Each structure stands twice: as C-alpha cells, then as structure tokens.
Amino acid sequence: MSGRGREMHMFSIAVSVSFLLLVLAIIAYFTVDTVVTTNRNLSDGKQKVIEEAVLGLKETGSAFIVSNFSTELLEIFNQDLINKLLTGDVSEIYRYATKVILLFYPVDFVGFVSGDGYLAYAAQPGIDVKPVDLPIPTESQEYVTLDHLGDRSGFFISVFFPVQSPIPGFGGGGIRTNMIVDRTEKMSYLEEYYRDQRNGNLLRIGIAAVLAVILSLLLTTFGLRYLTHKYVAGPIEELNRQAREIMEGTFEGEVKVDEGSAYAALQGLLRSGQKVLQRMERELDGP
C-alpha cells in the first residue's frame, strides 16, 4: 500500500510539473511576442516619422524661394548680392540662402554641401554646429539620422536634395542642400507611448500568469488527486481489499467483474481465485 501510494504521489508531482511547465511556456511565448511586437511597432512608428520628415523637407526644398530666384527678387532684399552675382561670385548667395531658409522654413539647420565640404551653413540660434560634425552625403543618399546636432543630443533627421536654380553658378555640380529637423520630442512621445503600452501588456500578462500558475497548481494537485483516486487508486485499493478479505476468509458475496473496466482482467482473476479457495474449503470440510 505504501509503495503504491508513493508511486501515485510521484505520478501526481510529474503531471503537476509538466502542466506547470506548459503554462509557463505559454506565458513566456506571449511575453516575448508582446515585447517583439511593441518593438516592431515602435520601429515602424520611427520609420514613419522619418519618411514624413523626408517628404516634408523635399517639398520644402521644391518650394524653396531660391529655386525660383530672379535678379528682381534679389534686388528687393540685397543689392550687393546682385553685384557679386554679376561678377561671378555666388558664395554670398549660398550664405544668404541659408538665412532665408531658416527665416521662412521650420528647420533647425540648413547647409549647401559638395563633395569637398560645406559651402555655407547656418543653424537656429542656440545650436552650435561645426562643419566637421556635419554629414556629407553619398551620391545616392537621401537622408541620415543623427543623435547629435552641434551641442544638442536627440533625434535629428538630415535630408539631402539637389540644388536647382536658374541663377548661373548657383547649384549644379553635385551641390546638394542639407536640411536638418529636430524630431526628439516626437520620438520621445512615440517611445513613451509604446513603452507604456508594452508595460501595461506585460503587467496584464504577469497577473494572468500568477492566476494561471495558481489555478494549474490547484487543478493538478487537488483535481488530479481526486481523479486518480477515483479512477486509478480507488479501484486498485478495492481489489486489494477484496483480495485480502478473500485470503482471510472474511469476504462476503462474489467478486464482481465489470467488463467495461480496465481492471476487468484482474477482477476476473480475483473471482477465479475466490472460486478456487471456496472449492478447496469445501473439499477440506468433507461430506
């Protein structure tokens, strides 16, 4: 009896541990899936912000006042520019253009860059930018992201596009405009939003995990014990009791055989043994 009890106890523990591991595996899957999905959504959100910034700056560049600069318009702003332009000096035009762009467009930095470096550049007040820290694009590069702009840290998007202007000497020759915008605040909002979403989902998963573990332990401990006692240990104990009483001669009635039971063979064997013992008793008692 003690041996069988120990075996059933070990069986219950094995089933409980297996069920618990299955529950933990499911919880781990949903936890990893939540983290991966949130990170993917955050990455997609960042990429969307970048694409919107790139498209907006390209549209800004296409509408840039320099694109349709005429000498009449330049005369309105600064007559010295016309004089330098007529002498073939366009360097001042680049410097003037950076000031116009910063004044009329929502960018934090603008520069005109060629393969040799920046021809002219300017940044919003408070941003100290050095040419050595500025990106120089490759021929096919449309944008880059930066984590610093001068002495500022954050998330910056630098967009490059060709300079197109009817002014002789202005643009062309591989010269490109570089406009940089600060998207730190928007990225911080995105990261906070998805971080809160991830933490909320993980909290709900954690609560569900604790409840699932408790329920699984209750189910496998008490439920399994009840079921194994009813359908496994109980019938075996009943057979043991009948066998003991038959051997002691205290069993009354006949051992019943349930043909639909998994223990029908044992029940039949016990009944046969009972009949043998009864026949031997009758022979010993004599006529």
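Let's start with a salt bridge. The side chains of Lys 186 and Glu 52 meet there, at 3.6 Å from N to O. Lys 186 lies in helix α5 and Glu 52 in helix α1, so this pair ties together parts that are 134 residues apart in sequence. Keep in mind that this is a predicted model.

How exposed are the two partners? Lys 186 counts as partly exposed, at 40% relative accessibility. Glu 52 is partly exposed as well, at 42%.

How many salt bridges does the structure hold? The count is 2. The other pair is Lys 46 with Glu 191, and here the closest N and O atoms are 3.1 Å apart. Look at where they sit. Lys 46 is in helix α1 and Glu 191 is in helix α5, so the pair ties together parts 145 residues apart in sequence. Lys 46 has a relative accessible area of 24%, which makes it partly exposed. Glu 191 is also partly exposed, with 32%.

Stay with those helices for a moment. Helix α1 covers residues 2-62. Helix α5 covers residues 184-248. Now turn to the surface. Phe 19, Leu 22, Ile 26, Tyr 29, Phe 30 and Leu 219 form a nonpolar patch there. Together they have about 610 Å² of accessible area. Which element gives the most to this patch? That is helix α1, with 5 residues. Leu 219 has its place in helix α5. Is Leu 219 buried or exposed? Leu 219 is exposed, with a relative accessible area of 51%. The cut-off for exposed is over 50%.

A general point before we go inside. In soluble globular proteins, nonpolar side chains tend to be buried together.

So, the interior. The largest nonpolar core has 27 residues. Which residues have the most contacts inside it? They are Ile 101, Val 107, Phe 112, Ile 157 and Met 179. Several elements give two or more residues to this core: α1, α4 (91-104), β1, β2, β4 (152-162), β5 (176-182) and α5. Helix α1 gives the most, with 6 residues. So helix α1 is the top contributor to the surface patch and to this core. Another core lies apart from this one. That core has 12 residues, among them Tyr 118, Val 144, Leu 146 and Phe 156.

Next, the sheet. It is an open sheet of 5 strands, and the pairing is antiparallel. What is the strand order? Read across, it goes β2-β1-β5-β4-β3. The edge strands are β2 (117-123) and β3 (143-149), and each of them pairs on one side only. Neighbouring strands are turned by 25° against each other on average, direction ignored. As a reminder, strands of a sheet pair through backbone hydrogen bonds, either parallel or antiparallel.

Let's zoom in on one end of the sheet. Strand β1 takes in residues 109-114, and 6 bridges join β1 to β2. The two run antiparallel. They form a hairpin, with 2 residues between them. You can follow the pairing residue by residue. Ser 114 stands opposite Gly 117 in β2. Phe 109 stands opposite Ala 123 in β2.

To recap. Two salt bridges are present. Lys 46 to Glu 191 and Lys 186 to Glu 52 are the pairs to find on screen. The 27-residue core takes residues from helices and strands, including α1, α5, β1 and β2. The sheet itself is open, with 5 strands.

Terms used. Residues are numbered from 1 along each chain as its sequence is written. This is a predicted model: local features need pLDDT of at least 70, side-chain atom pairs count only at pLDDT 80 or more; totals for chains, interfaces and linings use all residues. Side-chain values use heavy atoms; hydrogens and water are left out. Patches are made of residues with over 30% relative accessible area and no salt bridge: like charges are joined within 9 Å, nonpolar side chains (Val, Leu, Ile, Met, Phe, Trp, Tyr) within 5 Å. Accessible areas come from the Shrake-Rupley method with a 1.4 Å probe; for residues, only the protein chains shown count as cover. A salt bridge is a side-chain nitrogen of Lys or Arg within 4 Å of a carboxyl oxygen of Asp or Glu. Helices (H or I, at least four residues) and strands (E, at least two) are DSSP runs, numbered from the N terminus. Buried means under 20% relative accessible area, exposed over 50%, partly exposed in between (1.4 Å probe, protein chains only). Two strands pair if DSSP finds at least two bridges between them. Axes are lines fitted to C-alpha atoms, for helices over the stretch in contact, and angles run from 0 to 180 degrees between N-to-C directions. A nonpolar core is a set of buried Ala, Val, Leu, Ile, Met, Phe, Trp, Tyr and Cys residues joined through side-chain atoms within 4.5 Å.
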